[in-house]
Amino acid sequence: MKLVFAGTPEVAVPALDALLASERHEVAAVVTRPDAPAGRGRRLVASPVAERAQEAGIEVLRPVKPRDPEFLERLREIAPDCCPVVAYGALLPRAALDLPDRGWVNLHFSLLPAWRGAAPVQHAVMAGDEITGASTFLIEEGLDSGPVYGTVTEEIRPTDTSGDLLTRLAFAGAGLLAATMDGIEDGTLKAVPQPADGITLAPKVSVEDARVDWSAPALRVDRIVRGCTPAPGAWTTFRGERLKLVQVRPAPDRTDLAPGRLVAGKNNVYVGTGSHAVELLWVQAQGKKPMRAADWARGVRIGAEETVGG
């Protein structure tokens, strides 16, 4: 098939690579979000998908909005058979959805109908799911509600951050998307409607969602920190300033600390929760680089009755 690939961030690049490596399909162009300011100089930078496409000598389309007439006209000229999508980041209008004969096929990082929305991996980690995966489905106008072509499963490990898990899913999902294109092309794969039961939603995780509630059990605190790493970053406050929590670990032997109470030893830093304590392993103070929590604690000289999150 002739394909136009739509995607933007780094997590979409493995899928683009898998399609570029396919001997059965031609990636005629990619669609990605416009160049965005980045870094201290705020200079415009191309998306990771745009950079990879340019390396491969493929046309790059960067519509401000996918309903822009110039974009839709160029898509008609290319006349793709199918448009695979991975984390493109913009809503596709009906005028675009109707253009390819085989439709737009999305790679979504959950086992649909679970975790429909923008942040499925973060929500799976925060909810304590033991298994997740990726699904390919035919895009329709509802939110991640289209019929499913295929899935792969992935275990969520006890120490996984959302970043760790998303990296594994990006590569597993790349193979799934390539296989889905093969099955659509040769007619061996049919999309199956999603069940009506088991629908959960995964909206974007805000900075406020990432604030740790120390009255919650230690297990919940650990899941919030892992689910919000690397973005938007779990945090609390210390002496009135924000303190980012990069890595924590439940400490079931420490049951003597009230929620939010902070205690530092020579090599360990603990915070009380609604159950047992958690050990702070890595933190990042405002304006500083990430550091070991024990080093941070020595630098700030934690007092006898200090708390976080107050």
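In this predicted model, the side chains of Arg-74 and Glu-59 meet in a salt bridge, with N and O 2.8 Å apart. Arg-74 sits in helix H3 and Glu-59 in strand E5, so this pair ties together parts that are 15 residues apart in sequence. Neither partner is hidden away: Arg-74 is partly exposed, at 28% relative accessible area, and Glu-59 is also partly exposed, at 29%.

Helix H3 holds another such contact. Arg-76 pairs with Glu-73 in a salt bridge whose closest N and O atoms are 3.3 Å apart. Here both residues belong to helix H3 and are three residues apart, about one turn of the helix. Arg-76 has 44% relative accessibility and therefore counts as partly exposed; Glu-73, with a relative accessible area of 38%, is partly exposed too. Elsewhere, salt bridges that share partners link Arg-24, Asp-182, Glu-185 and Asp-186 into one network.

Then there is Arg-62, which forms a salt bridge with Asp-35; the closest N and O atoms are 2.9 Å apart. Arg-62 is in the loop between strand E5 (59-61) and helix H3 (69-78), while Asp-35 is in the loop between strand E2 (26-31) and E3, so the contact ties together parts that are 27 residues apart in sequence. Arg-62 counts as partly exposed at 30% relative accessibility, and Asp-35 is partly exposed as well, with a relative accessible area of 31%. In general, side chains of opposite charge can pair when their charged atoms come close. The full count for this model comes to 18 salt bridges.

Next comes the largest pocket. Its volume is about 1,200 Å³, and 40 residues line it. Ala-87, Tyr-88, Gly-89, Gly-117 and Ala-118 are the lining residues that lie nearest the centre of this pocket. Strand E7 (104-108), helix H5 (120-126) and helix H6 (162-186) each contribute at least two residues to the lining. Sorted by class, the lining of the largest pocket has 25 nonpolar, eleven polar and four charged residues.

On the outside, Leu-143, Ile-199 and Leu-201 make up a nonpolar surface patch of about 280 Å². One of these, Leu-143, comes from the loop between strand E8 (131-138) and strand E9 (148-155).

The backbone has a few details to look out for as well. The peptide bond from Thr-229 to Pro-230 is cis, with omega near 15 degrees. A cis bond also runs from Ala-231 to Pro-232, this one with omega near 0 degrees. Pro-230 is located in the loop between helix H7 (218-227) and strand E10 (235-238), and Pro-232 is found in the loop between H7 and E10 too.

Positive phi values turn up at two arginines. Arg-42 has a phi of about 55 degrees although it is not a glycine. This residue belongs to the loop between strand E3 (36-38) and strand E4 (43-45). With 52% relative accessibility, Arg-42 counts as exposed, because the cut-off for that label is over 50%. Arg-301 has a positive phi near 55 degrees, again in a residue other than glycine. Arg-301 lies in the segment after helix H8 (293-300), and at 71% relative accessibility Arg-301 counts as exposed.

Key. Residues are numbered from 1 along each chain as its sequence is written. This is a predicted model: local features need pLDDT of at least 70, side-chain atom pairs count only at pLDDT 80 or more; totals for chains, interfaces and linings use all residues. Side-chain values use heavy atoms; hydrogens and water are left out. Patches are made of residues with over 30% relative accessible area and no salt bridge: like charges are joined within 9 Å, nonpolar side chains (Val, Leu, Ile, Met, Phe, Trp, Tyr) within 5 Å. Accessible areas come from the Shrake-Rupley method with a 1.4 Å probe; for residues, only the protein chains shown count as cover. A salt bridge is a side-chain nitrogen of Lys or Arg within 4 Å of a carboxyl oxygen of Asp or Glu. Helices (H or I, at least four residues) and strands (E, at least two) are DSSP runs, numbered from the N terminus. On a 1 Å grid over the protein atoms alone, a cavity is a set of points where a 1.4 Å probe fits but cannot get out, and a pocket is an open set with protein on both sides within 12 Å along at least five of seven lines; lining residues have an atom within 4 Å of a point. Grid points are joined across faces, edges and corners, and a volume is the space filled by probe spheres set on the points. Ala, Val, Leu, Ile, Met, Phe, Trp, Tyr, Cys and Pro count as nonpolar, Asp, Glu, Lys and Arg as charged, and the others, Gly among them, as polar. Buried means under 20% relative accessible area, exposed over 50%, partly exposed in between (1.4 Å probe, protein chains only).
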